[in-house]
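User: I am new to this structure. Please take me through its interior, starting with one of the enclosed spaces and working outward from there.

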Amino acid sequence: MSTSSPASPDTPVKRETFSSRRLFILSAIGSAVGLGNIWRFPYIAYDNGGGAFLIPYLVALLSAGIPLLFLDYAVGHKFRGSAPLAYRRLHRAAEPLGWWQVLVCFVIAAYYAVIIAWALMYTIFSFTEAWGDDAEGFFFGNFLAVAEAPGLGFEFVPSVFFPLLLIWAAVILIMVAGIRKGISRANAVLLPLLVVMFVLLVIQALFLPGAAEGLNAFFTPDWSALADPGVWAAAYGHIFFSLSVGYGIMVTYSSYLKRRTDLTGSGMVVAFSNSGFEILAGIGVFAALGFMAQAAGTGVNDVVTQGIGLAFVAFPTIVSQAPFGAVMGVLFFGSLVFAGITSLISVLEVIVAAVQDKLGWGRVKASLVVSILVAAVSLAFFPTSTGLYLLDTSDAFVNSFGITLGALVTVVVLAWFLRKLPLLSAHLNRISTVKMRGTWMVLVAAVVPLALIYMVANEFISKISTTYEGYPEWFVGVFGWGMSGALVLVALVLTFIPWSRRSKAHDDPEYDALVEEDAKEAAL
Amino acid sequence: MTPIAITMMIIAIVTVWGGLALALLNLKRHPEDEGALPEEPAREL
């Protein structure tokens, strides 16, 4: 962090930029590659047709994921602002969409950091195999000290609280240092490190006895799955969550790009890197699960799991049984930590950028206030004996009624009400090398909303028909439904708070110059 | 591994990693617009 004197109020501070396209791509990949790539994709693929899942997966990637990624890029890059400012510049009435995305990021950041803290502790536990021979009992009982009933308690669990504090301290340093010295550098170091560690992990897993059985289970195609609409919905759902689209991250990151940047060419690299990492994760995870099944004398189908169960129950078990298990544990949990941090900083940047734009604050002030606020919420609610229930509920609801519903509303408003797709398409094609024109508009206006409607409807029906996970109704009502509704209400309230006089919404000569330039170019 | 699983694994790797290779190649053939590069670095406070 440098300490040059802050600009006087009269000289507007220039918007930060990524110093090169390469660093932007690295940061965008760092954001997209997160815990979901490692612990969600392998199971989703296995559960939805194995090798046959590749077809719906690629179709969803090309027909919805990449088009939506380009939409985010176009909005952020053309209107050169945080999500609320970019949408406001697109149309005044669209500002609440930006705030909705900012609030979704607030919720995600608060609980996402907690999982990184667990992974950090498990990296250390791997040396001694602290879980002994009961990984499940250790995780839920000894480590998290999960209360028997869901509720809201403030019984703090120190073994989670302190690593979480450490994660937040590290993340706050990165955020304060800014786009070039913080976010770019963190990604330039952590992403290559993550890839190297993960490749080593996969190689180690492939040499375990039983690995081939695991890969058989993962890749053997069940062609009948292709006739099941649920499988296609799973493919679209996974692509949406995996690419980090639709909740402000890519809008924010692309607003830091220089003017003449190849947006779609860069986006293709980001999208395929994300998928490439997922395939790698599938190979590594199933090779390890094949070994676990063989050691337990059961079939692979008896040991497959995802999410927390995969990372904190199955993997510790594998670490205990595998030769050089400690190495494997450090590689696996270290990968989770690095993949998590590079995603967490992108989620936080959405909020920091929005506060900077709205209030006209400088980088240091905005990033400190925002990060400390989110860290305080995260530390107050999650490292407790009831934190796991809260994490589970907020994750499920913010995914369904924050990200998915928010993306649906955004796409419909942009495409059908404000009819901005031709404008955005022209912006994408101005410089970019991968041109999509009409196809892109059809995909964004029709295919993407249809897929999202199906997902939102599905989620709504399943969550309304039974109380989520059988938790108490008041609990799901407040932290599930209530939280989801509050995001929309608070987004509207934030829209009505006037923009600061110092804000870029009022005075942004850089942006005005760009608009002029665009107009000139269009007139030619 | 069974032949069908090996086949699907190869197809998955070739399409996804091949897609990445093509995307990288495309980007390499269109280097950043150097004319727009000499920009004042943004203030980092």
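Analyst: Start with the second largest cavity, which holds about 50 Å³ of space. The model is a predicted one. Ten names make up the wall: Trp118(A), Leu144(A), Val146(A), Val160(A), Phe382(A), Pro383(A), Thr384(A), Ser385(A), Gly387(A) and Leu388(A). By class, seven of these lining residues are nonpolar and three are polar, with no charged residue.

Take Trp118(A) from that wall. Trp118(A) also belongs to the largest nonpolar core, which has 203 residues. Trp118(A) is one of the members that touch the most others, along with Phe143(A), Trp168(A), Phe240(A), Leu289(A), Phe312(A) and Leu424(A). Helix 6 of chain A, residues 95–128, gives this core 23 residues, the most of any contributor.

Next, follow Phe312(A). Trp118(A) is among its contacts. Setting aside residues up to four places away in sequence, Phe312(A) also touches Trp39(A), Ile115(A), Ala119(A), Tyr122(A), Ala135(A), Phe139(A) and Phe333(A).

Phe240(A) leads to another buried spot. Beyond its neighbours within four places in sequence, Ala451(A) is in contact with Phe240(A) and Tyr236(A). Ala451(A) sits in helix 18 of chain A, residues 437–465. Why does Ala451(A) count as buried? Its relative accessibility is 11%, and the cut-off for buried is under 20%. For scale, the C-alpha atoms of Ala451(A) and Ile124(A) are 42 Å apart in space, and the two residues are 327 apart in sequence.

A loop offers a buried residue too. Ser244(A) lies between helix 10 (229–242) and helix 11 (249–254) of chain A. Ser244(A) counts as buried because its relative accessibility is 3%. Its side chain has a polar atom 3.4 Å from the backbone oxygen of Ser31(A). Not counting residues up to four places away, Ser244(A) touches Ser31(A), Ala32(A), Ile249(A) and Met250(A).

Now return to the enclosed spaces. The whole structure has six cavities of 30 Å³ or more. The largest has a volume of about 110 Å³. Chain A supplies Phe41(A), Ala45(A), Gly50(A), Gly51(A), Phe53(A), Leu54(A), Tyr57(A), Phe218(A), Phe219(A) and Ile279(A) to its lining, and chain B supplies Met8(B) and Ala12(B). Two or more lining residues come from each of helix 3, helix 4 (54–79) and helix 9 of chain A, and from helix 1 of chain B. This lining has 10 nonpolar residues, two polar ones and no charged ones.

Helix 9 of chain A, residues 211–219, deserves its own look. Its buried residues are Ala211(A), Gly214(A), Leu215(A), Asn216(A), Phe218(A) and Phe219(A). Their cover includes helix 3 (41–47), helix 8 (158–206) and helix 12 (263–296) of chain A. Helix 1 (3–29) of chain B is also part of that cover.

Last comes the largest pocket. Its volume is about 1,300 Å³. The lining counts 48 residues, and those nearest the pocket centre are Arg40(A), Phe241(A), Gln306(A), Asp395(A) and Asn399(A). Helix 16 of chain A, residues 387–417, gives eight residues to the lining, the most of any contributor. The lining divides into 22 nonpolar, 19 polar and seven charged residues. Charged residues thus appear in the lining of this pocket, whereas the second largest cavity has none.

Definitions and conventions: Residues are numbered from 1 along each chain as its sequence is written. Chains are lettered from A and ligands numbered from 1 in the order in which they are written. This is a predicted model: local features need pLDDT of at least 70, side-chain atom pairs count only at pLDDT 80 or more; totals for chains, interfaces and linings use all residues. Side-chain values use heavy atoms; hydrogens and water are left out. A nonpolar core is a set of buried Ala, Val, Leu, Ile, Met, Phe, Trp, Tyr and Cys residues joined through side-chain atoms within 4.5 Å. Buried means under 20% relative accessible area, exposed over 50%, partly exposed in between (1.4 Å probe, protein chains only). Helices (H or I, at least four residues) and strands (E, at least two) are DSSP runs, numbered from the N terminus. Contact means heavy atoms within 4.5 Å. A polar contact is a pair of N or O atoms within 3.5 Å; within protein, one must be able to donate a hydrogen and the other to accept it, and residues adjacent in sequence count only if both atoms are side-chain atoms. On a 1 Å grid over the protein atoms alone, a cavity is a set of points where a 1.4 Å probe fits but cannot get out, and a pocket is an open set with protein on both sides within 12 Å along at least five of seven lines; lining residues have an atom within 4 Å of a point. Grid points are joined across faces, edges and corners, and a volume is the space filled by probe spheres set on the points. Ala, Val, Leu, Ile, Met, Phe, Trp, Tyr, Cys and Pro count as nonpolar, Asp, Glu, Lys and Arg as charged, and the others, Gly among them, as polar.
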